[in-house]
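Trainee: Please take me closely through one part of this model and its surroundings. I'd also like to know how far to trust what I see.

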Amino acid sequence: MSESQVFLDGKVELRPGDCREVLKDIPDNSVDSVVTDPPYALVSIVKRFGKTDVDSTTDRHAKRTREGKEAYGRLSRGFMGCVWDNGETAFASEFWAEVLRVLKPGGHVASFSGTRTYHRMAVAIEDAGFEIRDQLAWVYGTGFPKSHNVGKAIDKAAGEPTDEARKWAGWGTALKPGWEPICLARKPLIGTVAENVLKYGTGALNVDGCRVGTTDTIREIHRNVSLGSSSGSIYNKAGKPGIYHQNDKGRWPANIVHDDSDEVVACFPNSDGAQGVVSGHEQSLTAGQNGIYGKFARTASAPPRNDTGSAARFFYGAKADRSDRIGSKHPTVKPVDLMRWLVRMVTPPGGLVFDPFAGSGTTGQAAWLEGMRCIMVEREEEYQADIAERMRLAEAGPIERKQRMVTQDDSALPLFGDNDNTRKAA
């Protein structure tokens with residue numbers, strides 16, 4: 001595909017090509033937010049830069065191979081053998097400087113990365129002129145370890161079973177991946193946050209729109225706390241019991257997001273607030289024991305908060321399932337619910353979202369569902385077709401979408417399927 005395509009009543013546009021080139025045609029200060037999932041470059045620096053050219057006749061992902069002497073040509077197979085999984089763009093401050101240019105002042109970037117390579121992307125974003133505001137964690141239960149079996153490797157090198165290999169049985173080279181970091185950065189403001197919001201509509205986060213739903217009612221007794229100074233007590237209603245109700249819109253959004261899978265929820269402790277017990281261990285809520293807190297040593301003990309359940313309830317759970325893939329063979333599809341939450345958090349109502357690494361198009365679908373507009377860029381023709389199909393199905397009825405899910409085969413893909421390691425999307 002060489003021409004741009006427009007979907008969903010003109011709200012979502014796909015521009016084919018290299019995002020570094022496409023960016024040049026986007027005007028200054030025209031984009032409200034950037035929500036994207038760049039390549040993680042999960043290969044060593046030697047592998048990433050040690051290959052000067054790729055044989056496009058043997059690599060189906062090398063459809064746009066360039067001359068090896070150019071910076072763009074320093075490609076190597078990365079995650080799942082894909083040539084596009086390299087750090088040539090996401091680790092370059094020059095690229096993020098262009099992103100900075102097209103963003104409105106105060107505009108946010110929410111960019112995924114891998115745990116091993118996040119630092120390179122975050123430094124590039126910061127060096128381009130962004131302010132790093134936070135690091136979010138996307139926690140999931142569907143990762144699978146790509147570990148090297150040391151014992152088998154020793155036997156393979158020897159050509160036969162060895163005593164030395166048996167000594168190293170059970171040793172590997174990698175842990176199971178369970179989370180991915182998301183860099184939250186902001187283009188500098190023109191003045192105060194209030195001034196920036198009034199002029200550009202950007203610079204703030206949609207806290208109420210991203211709260212974590214809850215029906216908890218928490219009982220809390222306020223007690224007098226003397227600080228030994230003229231400031232008196234912390235609470236004006238000292239000693240008066242009262243009921244604290246959670247905000248009707250839910251809990252304040254945190255910088256941890258999870259996929260709501262059983263495996264992840266099981267990692268969070270269960271609390272019985274009425275008994276003051278967390279995961280079976282007695283929890284003392286008496287502050288200032290042994291003078292640890294200095295002046296706060298005289299703080300009176302307080303009863304536990306009367307709320308119960310898994311601590312996972314404090315964080316947003318973006319459910320992930322096979323409907324997020326919709327037939328795409330892209331190895332790193334993100335849940336649409338997760339992308340909707342991020343888009344909603346950093347984009348003003350009706351704003352324009354930019355995704356320079358569109359992949360299977362989840363950002364575009366998320367933006368449309370949230371009432372936003374979106375410009376996506378994707379270089380690989382295979383995934384351009386996936387995006388077009390996703391956009392078509394976004395407007396299709398639930399029966400057609402379900403039929404598409406039934407016919408797709410996810411068993412061989414790393415983050416989908418129904419085997420023990422990949423039971424849900426991630």
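Mentor: From residue 44 to residue 80, pLDDT (the predictor's confidence in each residue, from 0 to 100) stays under 50. The model has 78 contacts beyond four places in sequence for residues 44-80, a contact being heavy atoms within 4.5 Å. Residues 296-304 also stay under 50, and for them the model has 25 such contacts. Over the protein chain, pLDDT averages 78, with 68% of the residues scoring at least 70.

Keep in mind that this is a predicted model, in which local features need pLDDT of at least 70 and side-chain atom pairs count only at pLDDT 80 or more, while totals for chains, interfaces and linings use all residues. Residues are numbered from 1 along each chain as its sequence is written, and side-chain values use heavy atoms, with hydrogens and water left out.

First, the overall setting. The protein chain has twelve helices and 16 strands; these are DSSP runs numbered from the N terminus (helices are H or I, at least four residues; strands are E, at least two). Of its 426 residues, 45% count as buried, where buried means under 20% relative accessible area, exposed over 50% and partly exposed in between (1.4 Å probe, protein chains only). Among contacts with a separation of 6 or more, 73% join residues 24 or more positions apart.

Now for the part I'd pick: helix 10, residues 362-369. Helix 10 is mostly covered, with six of its eight residues buried. Those buried residues are Thr362, Thr363, Gly364, Gln365, Ala366 and Ala367. They pack against strand 2 (12-16), strand 3 (31-36), helix 9, strand 15 (352-355), strand 16 (373-378) and helix 11 (381-395).

Two of those neighbours are helices, and two packed helices are described by the angle between their axes and the distance between the axes. Axes here are lines fitted to C-alpha atoms, for helices over the stretch in contact, and angles run from 0 to 180 degrees between N-to-C directions.

Take helix 9 (residues 336-346) to begin with: its axis comes within 8 Å of that of helix 10, and they cross at roughly 60 degrees. That angle makes helix 9 oblique to helix 10; under 35 degrees counts as roughly parallel, over 145 as roughly antiparallel, 65 to 115 as roughly perpendicular, and the rest as oblique. Helix 9 passes helix 10 in a right-handed crossing, meaning that the near helix is turned clockwise from the far one by less than a right angle, with anticlockwise being left-handed. From helix 9, Val336, Met339, Arg340 and Val343 meet Thr362, Thr363, Gln365, Ala366, Ala367 and Leu369 of helix 10. The residues of this contact divide into six nonpolar, three polar and one charged. For those classes, Ala, Val, Leu, Ile, Met, Phe, Trp, Tyr, Cys and Pro count as nonpolar, Asp, Glu, Lys and Arg as charged, and the others, Gly among them, as polar.

Helix 11 meets helix 10 at an angle of about 25 degrees, with the axes 9 Å apart. Helix 10 and helix 11 are therefore roughly parallel to each other, and helix 10 passes helix 11 in a right-handed crossing. On the helix 10 side, Thr362, Gly364, Gln365 and Trp368 meet Arg390, Met391, Ala394 and Glu395 of helix 11. By class, this contact has three nonpolar, three polar and two charged residues.

The ends of helix 10 deserve a look too. In the loop between strand 15 and helix 10 you'll find Ser360, which is buried at a relative accessible area of 4%. Setting aside residues up to four places away in sequence, Ser360 touches Ser328, His330, Val333, Asp386, Ile387 and Arg390. Arg390 is thus one of the contacts of Ser360 as well as one of the helix 11 residues that meet helix 10. After helix 10 comes Gly371, whose phi is positive, near 80 degrees.

Most residues other than glycine have a negative phi. Leu8, in the loop between strand 1 (5-7) and strand 2, has a positive phi near 50 degrees and is buried at 3% relative accessibility. Asn29, in the loop between helix 1 (19-22) and strand 3, likewise has a positive phi near 50 degrees, but at 35% relative accessibility Asn29 counts as partly exposed.
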